[in-house]
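Me: I am in my first year and would like to understand how the words used for a protein model follow from the numbers behind them. Could we go through this one step by step?

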Amino acid sequence: PYINAYILIPVFFLLAEGAFVGMSSVKWTGKMANLWFFIHKTCKLLAAILLIGLVLFTLPNVGVAFFVRLLITYFTFLIIETIIGVRATKK
């Protein structure tokens, strides 16, 4: 069943990608772009872990369903972002 906590997943990804777009508006050289790309991925992973912990702590009835849905969405976006990042660094 649909749970109201699921709205946190798209909000999380919109905020994370908005932060990355804001950070990447500065022109970086090749090495700096790669460094910031990996810093963003690390911060995004830590934020996702904190979000999962917060939701599991505050809404225990959501439990595994929220975790699985966030995990699937996270890895889908990770694959897409990695493909885009590899193509961007080759240019």
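**From values to words**

Reply: With a relative accessibility of 48%, C43 counts as partly exposed, because this class lies between the 20% and 50% limits. C43 belongs to helix α2, and its C-alpha atom is separated by 8.9 Å from that of A16, which is 27 residues away along the chain. Please keep in mind that this is a predicted model.

Me: What is the secondary structure of the protein chain?

Reply: The protein chain has three helices and zero strands, and reading along the sequence gives the pattern α-α-α. Helix α1 covers residues 8-23, helix α2 covers residues 30-58 and helix α3 covers residues 63-90.

Me: Why is K44 called buried?

Reply: The relative accessibility of K44 is 3%, and buried means under 20%, so K44 counts as buried. K41, which is also placed in helix α2, has a relative accessible area of 11% and is therefore buried by the same limit. Leaving aside neighbours within four places in sequence, K41 is in contact with E17, Y74, L78 and E81.

Me: What makes K44 and E17 a salt bridge?

Reply: In general, side chains of opposite charge can pair when their charged atoms come close. The closest N and O atoms of K44 and E17 are 2.8 Å apart, and the rule asks for a side-chain nitrogen of Lys or Arg within 4 Å of a carboxyl oxygen of Asp or Glu, so the pair qualifies as a salt bridge. K44 lies in helix α2 and E17 in helix α1, so the pair ties together parts that are 27 residues apart in sequence. A search of the whole structure finds one salt bridge.

Me: Is E17 buried, partly exposed or exposed?

Reply: E17 has a relative accessible area of 22%, and since buried would require a value under 20% and exposed a value over 50%, E17 is partly exposed.

Me: How do you know that H40 is buried, and what does H40 touch?

Reply: H40, which lies in helix α2, has a relative accessible area of 6%, and because this is under 20%, H40 is buried. When residues up to four places away in sequence are not counted, H40 touches A16, E17, F20 and M23.

Me: Why is the pair of F12 and F13 called edge-to-face?

Reply: A pair of aromatic rings is described by the distance of the centres and the angle of the planes. By the pairing rule the count comes to four aromatic pairs. The rings of F12 and F13 have their centres 5.1 Å apart, which is within the 6.5 Å limit, and their planes stand at 75°, which is over 60, so the pair is edge-to-face. F12, at 12% relative accessibility, counts as buried, and F13, with a relative accessible area of 5%, is buried as well. Together with Y74, F75 and F77, the residues F12 and F13 form one aromatic cluster.

Me: What makes a group of residues a nonpolar core, and which have the most contacts inside the largest one?

Reply: Such a core is a set of buried residues of certain kinds, among them Ala, Leu, Ile and Phe, joined through side-chain atoms within 4.5 Å. The largest nonpolar core has 13 residues, and those with the most contacts inside it are I9, F12, F13, L51, F66 and L70. The elements that give two or more residues to this core are α1, α2 and α3, and its largest share, four residues, comes from α2. Apart from neighbours within four places in sequence, F66 is in contact with A5, Y6, L8, I9, L51, I52 and V55.

Me: Why is L71 called partly exposed, and which surface patch does L71 help to form?

Reply: L71, which is found in helix α3, has a relative accessibility of 33%, and because this lies between 20% and 50%, L71 counts as partly exposed. Together with V64, F67, V68, I72 and F75, L71 forms a nonpolar patch on the surface, with about 530 Å² of accessible area together.

Notes
Residues are numbered from 1 along each chain as its sequence is written. This is a predicted model: local features need pLDDT of at least 70, side-chain atom pairs count only at pLDDT 80 or more; totals for chains, interfaces and linings use all residues. Side-chain values use heavy atoms; hydrogens and water are left out. Patches are made of residues with over 30% relative accessible area and no salt bridge: like charges are joined within 9 Å, nonpolar side chains (Val, Leu, Ile, Met, Phe, Trp, Tyr) within 5 Å. Accessible areas come from the Shrake-Rupley method with a 1.4 Å probe; for residues, only the protein chains shown count as cover. Buried means under 20% relative accessible area, exposed over 50%, partly exposed in between (1.4 Å probe, protein chains only). Contact means heavy atoms within 4.5 Å. Rings of Phe, Tyr and Trp (its six-membered ring) pair if their centres lie within 6.5 Å; planes under 30 degrees apart count as stacked, over 60 as edge-to-face and the rest as tilted.
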